[in-house]
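Thanks for asking me to look this one over. My notes are below, written to be read with the model open beside you.

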Amino acid sequence: MIHVGENTWNLRILITDLQVEKTLRVRGDQHIGGVMLQLVDPEMPKDWSDHALWWPARNIWLTRTRSTLDQAGVQSDSFLYFTPMHKTLRVQLPDLRYLDYRVNFSIKTFGAVVNLCKDLDIRYPEELSLCKPVEQEHLKKNFSKLPQKMIPVAEANGTAYLQPAPDTNSFVPITNAYNGSNGSLDRSHGNGNLLCAPASPYGTTPRRAATAPGTPISSPTGTWRHNTSNNGYTTYDSGSSYGDLQENLAVSPRSPSPDVRARLVRPKTLVQKARLNVGWLDSSLSIMEQGVREYDTLCLRFKYYTFFDLNPKYDQVRINQLYEQAKWSILNEELDCTEEETLMFAALQFQVNHQTDLHPPGIDSSLDAAVQKNGGDDDIDSALNELQITLEGPGGGGDAGNITRIPELSDYLRFLKPQLFTLKGYKRYYFTYRDLHLHLYKSQEDSRRGAPSISINLRGCEVTPDVHLAQGKFGIRLEVPPEGKNGPNSEFWVRCENEEQYAKWMAACRLAAKGRSLADSSYDSEVSSIRSLLQMQKPAQAAPLNINPRSVDAVDYLSPKMLRKLSSKAVQRILEAHANVRQLQLMDAKLKYIQAWQSLPDFGVTLFVIKFDGHKKEELLGVAHNRIMRMDLNTGDHIKTWRYNTMKAWNVNWGIKCMMIQFHDENVVFSCLSADCKVVHEFIGGYIFMSMRSKENNQTLNEEMFHKLTGGWS
């Protein structure tokens with residue numbers, strides 16, 4: 001028998017499954033596992049293996065069962081929950097459909113995403129993450145000015161609200177539209193097998209054989225079974241097959257339900273685009289520690305814009321979800337596009353829908369098409385072909401006899417160095433490109449005997465296309481870092497005469513910015529890729545499909561800004577542009593869409609509103625896969641660029657929420673205003689982790705290394 005004089009005290013614990021509060025007599029040196037054993041009633045057999053202790057006041061899980069109560073800091077005034085670690089989370093996929101999924105709320109968010117992607121058949125889960133839904137109100141204020149969440153804690157005399165721990169993601173949605181507290185998701189409604197919100201009304205959902213129109217992700221015949229053993233909650237049965245689910249995830253509806261589309265957030269300025277990134281979860285904390293509760297909604301999105309080894313044979317779900325995220329970023333005007341680019345995206349999207357209607361795909365349809373395309377090659381032949389291309393380059397080794405020759409590029413182009421209030425126009429020069437440098441001469445004869453008039457080092461520069469096909473404009477904008485490493489970038493504009501010239505020089509500049517010469521095996525493929533994108537934007541030569549324009553809703557294909565511009569001609573322009581891509585198969589059309597998305601000037605740059613140390617002016621910070629950029633808040637012009645390969649270390653002062661990045665020649669110190677500084681820290685560390693991947697290395701996911709680079713804790 002335990003007596004009060006033996007250093008024991010009362011500990012209150014709520015068993016959430018039974019809604020029963022127990023008071024235990026415990027000692028400070030008692031292990032947490034022993035406390036859990038005391039809670040279990042041997043006369044009431046129940047599987048408690050998925051349960052653990054949650055401490056609401058500290059906002060932490062007590063999962064180290066061998067630690068004592070004293071080591072964990074639990075005292076007599078503490079109030080704990082004994083609750084399941086796996087809880088139902090409503091996940092919005094990139095195609096805007098919802099999926100109710102059993103997630104482990106006690107492990108790090110990174111691990112939860114890995115498990116989710118494994119079940120959804122999405123390879124390379126490190127590219128994705130979960131984020132809290134962002135509402136229109138969040139775009140009006142910076143993160144530092146948003147109301148911070150308070151943690152509700154049940155007490156004997158009512159509910160108390162406590163401040164979260166300093167390392168907790170304290171961003172929360174303003175309304176209850178995404179929260180489970182309203183009880184709307186507490187039970188399944190209607191069809192007991194429904195695990196996904198209906199995506200669209202009849203007539204807008206692509207049909208499969210033997211499938212009713214409007215079928216959500218969960219099929220009544222299918223793989224996600226209703227399990228009522230957990231208080232009636234809909235859960236996934238891990239013993240079931242995923243074939244039907246993957247088939248549904250590999251093909252998305254043409255448009256989401258009206259209420260989902262109405263909640264989409266459309267940024268209008270660069271500042272609002274930066275504020276979109278406030279909701280990313282901290283990968284090193286559990287979902288529960290970041291204010292997310294059972295039945296709440298989180299969004300699964302591709303976070304890092306480096307998509308490793310996209311393979312139609314293995315990545316049907318991954319490619320489709322990536323295509324959907326790209327599509328909605330275009331339709332929501334998160335990326336700026338010219339009129340030709342917008343119509344090209346609309347045409348590719350129309351082709352995807354058209355191919356889906358013509359050939360309702362099964363899970364192996366793309367695989368069968370790939371086999372036919374390769375003439376029936378087996379896996380060994382395909383692997384050998386890939387190896388040959390890797391070793392010889394896309395050219396097939398035809399230039400193997402000239403491996404000592406340094407490739408060059410030369411031609412007459414026009415050049416301009418823009419200056420404030422300048423009245424000068426473009427001037428014609430003879431350009432030569434060699435060893436990552438552009439050399440400009442007044443004539444071709446001067447290039448043989450004289451020094452260049454202008455020399456530009458392209459390594460590490462920013463390369464931006466400036467193309468307008470309707471005006472015959474093929475321009476390249478270069479932002480070159482200064483030679484002395486200090487000071488703003490220098491801007492140069494290059495104008496090409498035609499698209500063939502543009503494709504060659506644009507490919508050369510892009511490779512030079514990455515430190516690669518014309519001898520790189522990817523040069524020819526880069527040139528052909530640029531040609532292909534330009535060709536898709538040109539006016540079509542072939543006749544458009546015989547489709548009734550009234551059957552096409554332009555709202556599904558164009559952004560609101562472009563709809564206003566094209567007005568009544570929108571559908572006809574889409575059908576005319578579609579003639580350029582009408583021969584593409586389903587998977588090819590999606591890959592072309594992704595490729596065109598990646599070629600946009602603003603692609604892959606995640607924005608944050610920051611304030612540099614010692615400055616009162618707010619500025620933009622752009623984080624990309626290989627660099628960070630200081631940018632103008634209003635125009636988005638690049639002021640200075642820092643490459644990751646010149647970075648020595650990056651640290652966060654958690655007390656004042658300030659970040660310092662050490663480069664070879666300077667230190668950059670800033671505070672983030674539009675999001676928690678941990679979000680910026682994780683983006684930089686995450687991109688460095690992504691750059692360490694290669695086909696030669698072992699592709700086992702190194703979770704420990706990811707947390708070392710992104711965790712922010714020494």
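The points below go from the whole chain to its cores and then to a surface patch.

1. Please keep in mind that this is a predicted model. The protein chain contains 18 helices and 25 strands. Of its 714 residues, 51% are buried.

2. Contacts reach far along the sequence. Taking those between residues at least 6 apart, 64% join residues at least 24 apart. On the outside, the protein chain exposes about 34,100 Å², and 49% of that comes from carbon and sulfur atoms.

3. In soluble globular proteins, nonpolar side chains tend to be buried together. Here the largest nonpolar core has 72 residues, and the members that touch the most others are Ile287, Leu300, Phe345 and Trp597. Helix H8 (residues 339-358) is the top contributor to this core, giving eight residues.

4. Which residues does Phe345 touch, leaving aside those up to four places away in sequence? They are Ile330, Cys337, Tyr593, Ala596, Trp597 and Leu600.

5. Do look at the second core too. This one is separate and has 37 residues, among them Leu409, Leu458, Ile476 and Cys496.

6. Some nonpolar side chains sit at the surface instead: Leu18, Val20 and Met44 form a patch there, with about 230 Å² of accessible area together. Leu18 lies in the loop that runs between strand E1 (8-15) and strand E2 (20-27). Is Leu18 buried, partly exposed or exposed? Its relative accessibility is 38%, so Leu18 counts as partly exposed, since that class covers values between 20% and 50%.

Definitions and conventions
Residues are numbered from 1 along each chain as its sequence is written. This is a predicted model: local features need pLDDT of at least 70, side-chain atom pairs count only at pLDDT 80 or more; totals for chains, interfaces and linings use all residues. Side-chain values use heavy atoms; hydrogens and water are left out. Patches are made of residues with over 30% relative accessible area and no salt bridge: like charges are joined within 9 Å, nonpolar side chains (Val, Leu, Ile, Met, Phe, Trp, Tyr) within 5 Å. Accessible areas come from the Shrake-Rupley method with a 1.4 Å probe; for residues, only the protein chains shown count as cover. A salt bridge is a side-chain nitrogen of Lys or Arg within 4 Å of a carboxyl oxygen of Asp or Glu. Helices (H or I, at least four residues) and strands (E, at least two) are DSSP runs, numbered from the N terminus. Buried means under 20% relative accessible area, exposed over 50%, partly exposed in between (1.4 Å probe, protein chains only). A nonpolar core is a set of buried Ala, Val, Leu, Ile, Met, Phe, Trp, Tyr and Cys residues joined through side-chain atoms within 4.5 Å. Contact means heavy atoms within 4.5 Å.
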